[in-house]
Amino acid sequence: MPQYLFSAVLFSVLLCAGMRTLDFTPQTESTEVRKGTPILYQKITIPKSFLTTQDSLTFGGDIRMGDLTGNGQVDFLVYRALNSVDGGAVQPCFLGAFDQEGRALWHKGEGGLQPNRPGPVAIFDIDGDGKNEVITFFVQAAESVDSHSMENITVQILDGATGTVKRQASPPELTSSRGEGPNWVHQRILIANLRGRKTPQDFIIKLGKKIMAFDNQLQVLWTYQSEWDTYANCPAYVPTVGDMNNDGRDEINGGYYVLGSDGQPLWEKKLGKNMDAVVIDYWDDPKKKRAFCSGFGHVMDEKGNAILALGEKIVPHGQELRVAHFDDATPGPQMMIRYNGHEPDIMLVGREGQVIRKFKINESPNNTGMDAVFWDGIDQPAYLYNGGMLWNGQGKAHGVFADLPAPVGSFRQGWYHCVPADVCGDTREEVVLYNPWDSQVYIYTPAPLRPKAFKGYLPGPRQYNVRLLD
C-alpha cells in the first residue's frame, strides 16, 4: 500500500478511536465539554469560483491567512502556481482572497496547479500604513514556464482589501536567478526587520543557494549565496529570521550560517547533515535569542559558538525542530525534535542537553508538518500538533480533531497543514487546518469557547512567517 494511502487509513482509524463525536455547532460557554477538548469553531468553504480540478480532485491550493480588510477578523488567501515544462509548479499565477464566512473578496490571475511546496506568498503590513498587504511573486498567464528560472517573475505588493497592485518590480537580481538542486523548490517569503524600523518593513526570499533581501519599495537591499547545495548537505530549505543581538534588526538563520541584517555572514559552518529545520528563539538566556539548527541538533549564538551540540548519534537526521516550554515538570524552554528523518520518532530535549524522553507520534503522509500550539494559553505549556492530533510534553495524545476528513491528495502536499493562531482572541491558540488538495479550511478551538474574550485577530510572526513543513 502506498505510504500516503496507508497514512490516510491510519488517520481515519485514529479519528474514530477514543474520541466521541461532537456536535460541531460553535460551542457556548455553558456547553458541557471537557476543558481543552478540540471543538470545531468554524468550517470555511473556499469560494466555488476559486476552485480548480486536477488529478480528479477539486481544490483551492495553498493557503495564507491574515486580516485583509482591517475589520479585526481573519481572512484567507488561496493561491496556485503555473504549470512548468518539467512539472515543478512553483510560480504563483492565481490568487483568491476570501473572508471568514467564505465570501469572495477579490481574485487575480487564473488557472494554475497545486504548488509543489508552500511558496512565495505572504500577508503583512509591509509599508506600515496600518493596513495589510499581500507580498507575492507573480507570473503572467502562459502555457508553461521553466521552473528553474525566474526570468518571467514579478514581485508585487498588493492592497490586501482589493488585490490592486500597489507596487511591483522585476529586478535583474531576481529575474537572472536560475537554479536546481534540493533547495530550489522551497521558495518562501519571510517578513523581516532589516533596517531597524518601528515595525518590520522588509522581507527576504530564498532562491536555492541565494537569499535576496527587499525593502518595502521593492529595492534589493542585498544578496547572499551559500556554497553548499547538495541533498542532505545544504542549508535549511526554509530559513528563519529574528533579532539575536538585540539591536532592533533581524538576523537570518540558515542552519549553516547566520547572516546579519546587512546580509554579511556572522558565521558559516557546515554543522551536520539534513539541516531541514531552523529556529531563532530563546534558550539558555532569557535576554538573548539563539539559532537552532536541526542538523545533528545544534544551538548556536550569533558569533558561531555552540551553546549545545547533541551530535549525530543522538540526532542522526533532524527533520523537524520546534522550541517551546512543552513539559511543565522541567524548566523550559525545550526542543521537540523529529530526530530520525521522515519517521514518527520524537525526542524532547532540555536546556542542559538532556534527553527528557523519546516517544512516537501518529503517522502523517510525509511524516512532517508538526508545530507547537499554545492550546491552553501563552503562559501554559505548549502542545505538539501533528497530522490531526495534539500531543503533550509527556508524549501522550491530548486530542484528536474529530470529524476532520481523511486527507486526500499527493504524497508531498496531501495532509492537514497547521497554522497556530489566536483566532478567537482569548490568548489561547486555535489551530487553522487546511489540506491544499481540498476545498475547506477548518478552525478548531479548545473547549470552552469564550466569545466574550474576543479582542480581534492580532497575528504575529508565527502566522505571517508560518513554518508549515520542513
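## Strand 14 and its two neighbours

Two strands pair if DSSP finds at least two bridges between them. With 5 bridges, strand 14 and strand 15 (residues 220-225) meet that condition, and they run antiparallel. Please keep in mind as you read that this is a predicted model. Within this pair, Ile211 has Tyr224 of strand 15 as its bridge partner. The two strands form a hairpin with 4 residues between them, and Leu218 in the turn has a positive phi of about 65°.

Strand 14 also pairs with strand 13 (residues 202-207): 6 bridges join them, and the two run antiparallel. Here Ile204 stands opposite Ala213 of strand 14. Strand 13 and strand 14 form a hairpin too, with 2 residues between them, and in that turn Gly208 has a positive phi of about 65°.

How many residues of strand 14 are buried? The strand covers residues 210-215, and 6 of its 6 residues are buried. Lys210, Met212 and Phe214 point one way from the strand, while Ile211, Ala213 and Asp215 point the other way. Both of these groups are buried, with Lys210 and Asp215 among their members.

## The chain as a whole

Stepping back to the protein chain, its secondary structure comes to 3 helices and 34 strands. The radius of gyration is 21 Å, close to the 23 Å that the globule rule gives for 470 residues, so the chain is as compact as a globular protein of that length. Along its principal axes, the C-alpha trace spans about 60 × 50 × 50 Å.

Of the 470 residues, 62% count as buried. The accessible surface comes to about 17,800 Å², and carbon and sulfur atoms hold 48% of that area. If you are interested in contact order, take the contacts between residues at least 6 apart in sequence: 55% of them join residues at least 24 apart.

## The sheet of strands 4 to 7

Strands of a sheet pair through backbone hydrogen bonds, either parallel or antiparallel. One open sheet here has 4 strands in the order 4-5-6-7, with antiparallel pairing. Its edge strands are strand 4 (62-66) and strand 7 (104-109), each of which pairs on one side only. From one strand to the next, the twist averages 20°.

Strand 4 is joined to strand 5 (residues 75-81) by 5 bridges, and these two run antiparallel. Among the partners in this pair, Gly66 is matched with Asp75 of strand 5.

## Ile63 on an edge strand

Ile63 is found in strand 4, one of the edge strands of that sheet. Is Ile63 buried or exposed? Its relative accessibility is 5%, and the cut-off for buried is under 20%, so Ile63 counts as buried.

Leaving aside residues up to four places away in sequence, Ile63 touches Phe76, Leu77 and Val78, along with Ile46, Phe98, Tyr434 and Val441. For a longer reach across the model, consider Gly272: Ile63 and Gly272 are 209 residues apart in sequence, and their C-alpha atoms are 32 Å apart in space.

## The sheet that includes strand 1 and strand 34

Another open sheet of 4 strands has the order 1-34-33-32, again with antiparallel pairing. Why is one side of strand 1 (38-45) and of strand 32 left without a neighbour in the sheet? Both strands stand at the edges and each has a single partner strand, so one side of each has no neighbour there. The twist in this sheet averages 25° from one strand to the next.

Strand 1 pairs with strand 34 (residues 440-446) in the antiparallel sense over 7 bridges. Within this pair, Ile39 stands opposite Thr445 of strand 34.

## Asp426 in the loop

Where is Asp426 found? Asp426 lies in the loop between strand 32 (417-421) and strand 33 (430-434). Its relative accessible area is 6%, which is under the 20% cut-off, so Asp426 is buried.

The side chain of Asp426 makes a polar contact with the side chain of Arg428, at 2.9 Å. Not counting residues up to four places away in sequence, Asp426 touches Arg450 and Ala453.

Technical notes: Residues numbered from 1 in each chain as written. Predicted model: local features only at pLDDT ≥ 70, side-chain atom pairs only at ≥ 80, totals over all residues. Heavy atoms only, no water. Buried < 20%, exposed > 50% of the residue type's maximum accessible area, 1.4 Å probe, protein only. Polar contact = N/O pair within 3.5 Å; in protein donor to acceptor, adjacent residues only side chain to side chain. Contact = heavy atoms within 4.5 Å. Axes fitted to C-alpha atoms, helices over the stretch in contact; angles between N-to-C directions. Rg over C-alpha atoms; globule rule 2.2 N^0.38 Å. Areas by Shrake-Rupley, 256 points an atom, 1.4 Å probe, with all protein chains shown as cover.
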